[in-house]
Amino acid sequence: MASIKDVAAEAGVSVATVSRVLNGHPSVSAEARTRVTAAVERLGYRPNAVARSLRTDQTRTLGLVISDVMNPYFTELARSVEEEARALGYSVIIGNADERPDLQDHHVTTLLDRRIDGLLVSPTDGGSPGMLGAARAGTPMVFVDRWIPGVDVPVVRSDGRDAVRDLVAHLYGLGHRRLAIIAGPAATTTGRERVDAFREALGAYGLDLPDAHIGQGDFQAESGRRVTEGFLALAEPPDVLFAADNLMALGALDAIRERGLRVPDDIALAAFDDIPWFVHTDPPVTAIAQPTRELGRAAVRALVDRIEGRPGESVTLPARLVVRRSCGEPAPATDPQSPPPSPAPSASPSPAPSATPSPAPSAAPSPAPSRSLSPSPSPAESSPQSPSPVRRSTP
């Protein structure tokens, strides 16, 4: 492998001149710059990034510690982070915490030992010691998706409260009254926030969220399966399961099918965190979508601001409801993903009952209508799902 001395000899200049050319110093003549550039190309010389980092105190490298690389949401987030970092001249090293605080601390320590310039973290819990220590030591850091209250670090996340309210209004309009949630870990901000938003949205329609309708999961598919089995064993199972992330929704779908039941005929299913697979399930899953790619880009920009001495801002982006057909929605005639309609039965069907509009939030709920009810479109169905403007706040 060629060295900087080889480049200097090939170009007929000093090592110092080669160094100035490689670092873009303006004091080098055009002729010398041309000779050095040609010598670098002929010899295939590559600067030593480690040596350069010792001189500049920068490695142009970011660390990203994500909660679970198997979760499609975090996979897409990592891709967006890498793309934006590359566009800004940085590389990214990724560590998968696998929802374990000890692994989170292992990756944080390893990345700091490699002299990364800054750290993006999606905390696995209320704060592992190594990660908290790095934040309090002044390491340039940004929390993404999840955060830790009381830690002075910019947070880039989505706000799903409005989308959860839209979902509950949509479900109420479809005639569902017994709603249950497969919750994420209570130690995470997203786990707590989604349960709170769901309970608040139900309360606006006079509906309760009893303890029996809160199943504690861990953002993994197996917990979604386990919690769903418990819900289905109740004397009066819920009408709808709302899974607080996509993997738990897939586990719930497995448990429902293992019982020989069908979605949405026997039980409806909705999810937080939309994924591309949901359009390919039968039926396609109604879900809340986060602006994942925008979150990744915003997180990188906030971190680079901190690295380069500018104040990093917290950023909050809105999530949105994506209505499909897993909650008993009628299949649109123009939906290209809808299966062809079944042949009409030979007997004349009875007329469908008229739609029951959603009451005002202050009204007491009416008895649950039958599953065959044809509801009026809810606001989530009829209004365009365009995101609202970005909201910025200080951490």
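In this predicted model, the structure holds three cavities of 30 Å³ or more, and the largest cavity contains about 80 Å³ of space. That largest cavity is lined by 13 residues, of which Asn-71, Phe-74, Arg-146, Phe-219 and Asp-273 are the closest to its centre. Sorted by class, its lining comprises seven charged residues alongside three polar and three nonpolar ones. Two helices, α5 (72–87) and α9 (189–203), each contribute at least two residues to this lining.

Helix α5 also has a place in the strand connections, since the chain passes from β1 through α5 to β2 in a β-α-β crossover that is right-handed. The two strands concerned, β1 (residues 61–66) and β2 (residues 91–96), run parallel and are joined by six bridges, with Thr-61 standing opposite Ser-91 in β2.

Elsewhere, six strands form an open sheet of mixed pairing in the order β7-β6-β8-β9-β10-β12. Its edges are β7 (214–216) and β12 (320–322), each of which pairs on one side only, and the twist from one strand to the next averages 20°. At the β12 edge, strand β10 (residues 286–289) pairs with β12 in the antiparallel sense over three bridges, and Ile-288 stands opposite Leu-321 in β12.

Helices pack against this sheet. Helix α8 (residues 161–173) lies across β6 (179–183), β8 (240–243), β9 (268–272), β10 and β12, and runs at about 35° to β12. Helix α11 (residues 246–258) packs on the sheet as well, where it touches β6, β8 and β9, and its direction makes about 160° with that of β9.

Definitions and conventions: Residues numbered from 1 in each chain as written. Predicted model: local features only at pLDDT ≥ 70, side-chain atom pairs only at ≥ 80, totals over all residues. Heavy atoms only, no water. 1 Å grid on protein atoms, 1.4 Å probe; cavity = no way out; pocket = protein on both sides within 12 Å on 5 of 7 lines; lining within 4 Å. Points joined across faces, edges and corners; volume = space filled by probe spheres on them. Helix = DSSP H or I, 4+ residues; strand = E, 2+ residues; numbered from the N terminus. Nonpolar A, V, L, I, M, F, W, Y, C, P; charged D, E, K, R; others polar. Pairing = 2+ DSSP bridges. Right-handed = clockwise from strand over helix to strand, strands pointing away. Axes fitted to C-alpha atoms, helices over the stretch in contact; angles between N-to-C directions. Contact = heavy atoms within 4.5 Å.
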